[in-house]
Amino acid sequence: MKAAVIVFPGSNCDRDLAEGFRQAGFEVSMVWHKDTDLPKGMDVIGIPGGFSFGDYLRCGAIAAQSPICRAVVDYAHKGGHVLGFCNGFQVLCETGLLPGVLMRNAGLKFVCRQQALRVETADSPFTNAYSKGSEIMVPIAHHDGNFSADADLVKRLRGEDRVAFSYVDNPNGSTGDIAGILSENRRVLGMMPHPERACEPTHGGTDGQGVFKSLTEVLALA
Amino acid sequence: MKARVHIMLKNGVLDPQGEAVRHALGTLGFSGVNGVRQGKVIELDLADGTTEATVKDMCEKLLANTVIESYTIEMS
């Protein structure tokens, strides 16, 4: 199984994400933002957390227009698996692969803490290793993680079972406590929390491993 | 030639930063500030002949996130 992790200037969770993939058995390629093509034969693309391009203009906006992101959008449109954590979620929203916007936290403060999440669906390539309704502990660390969506979009996301994770105690004002969402074909996941930072006991917990394990199960069947 | 692009959150989109500024003004003793909305201004130095339509395209593709932001363009 092969994964690519995209690296932007200002990415700071790229190596953590690569390690998360490796522990689950992936061979990982790091891909620079100026590259125009993804390596051949990738099973999943990861967009890491951090502060791509210094969060200039809007979080994720400039990264979303980088040469490699055009390749990522093409890859997703062809049915490829893509995940984005934290800044990666912001980038995916800015590319239009996921709906909604991540705005400044309602409390205006950067929040950095362990966060309880509820698994809202086990029916996705990223969540099948969890049971629906279970709670997991995963770190969050963001200033602009307030997922904003109008009532129609929230209704659609819930109706189509596309809310992957929700916050147990909403830390940032996100509409409907939404922490992570899936694309229409369920193969793109964006979430503000950091599963890659909860993958080994020394991290303080291993609840994040399930996201990577879920992928391995789906890919083994493919 | 220059263009100035004003970007604002659309009406109805909650602006917590504007709200914090409004609160701070109240703390300073400025009464009667009913609301504050914070936006941004982007000045573009453009090659002669660049059309407003091109600037609009820039806004749609990058400068504004039209899901939550509206923009106005001043050409000069």
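A residue is buried if 20 or more other C-beta atoms lie within 10 Å of its own, exposed if 12 or fewer, and partly exposed in between, with C-beta atoms placed from the backbone. This is a predicted model, where local features need pLDDT of at least 70, side-chain atom pairs count only at pLDDT 80 or more, and totals for chains, interfaces and linings use all residues. Residues are numbered from 1 along each chain as its sequence is written, and chains are lettered from A and ligands numbered from 1 in the order in which they are written.

**View 1. The two sides of helix α3 in chain A.** Helix α3(A) covers residues 67-77 (helices are DSSP runs of H or I, at least four residues, numbered from the N terminus). Its buried residues are I68(A), C69(A), V72(A), Y75(A) and A76(A). They share one side of α3(A), because they cover an arc of only 115° around the axis (taken from the directions from the axis to the C-beta atoms). P67(A), D74(A) and H77(A) are exposed on the other side. G79(A) follows the helix, with a positive phi near 100°.

**View 2. The surroundings of V5(A).** Contact here requires C-beta atoms, placed from the backbone, within 7 Å. Leaving out residues up to four places away in sequence, V5(A) touches D14(A), L17(A), A18(A), V28(A), M30(A), V31(A), G46(A) and P48(A).

**View 3. Where chain A meets chain B.** Chain A gives 8 residues to the contact, and chain B gives 7. The chain A side divides into 4 nonpolar, 2 polar and 2 charged residues (nonpolar: Ala, Val, Leu, Ile, Met, Phe, Trp, Tyr, Cys and Pro; charged: Asp, Glu, Lys and Arg; polar: the others, Gly among them).

Key:
Contact = placed C-beta atoms within 7 Å. Helix = DSSP H or I, 4+ residues; strand = E, 2+ residues; numbered from the N terminus.
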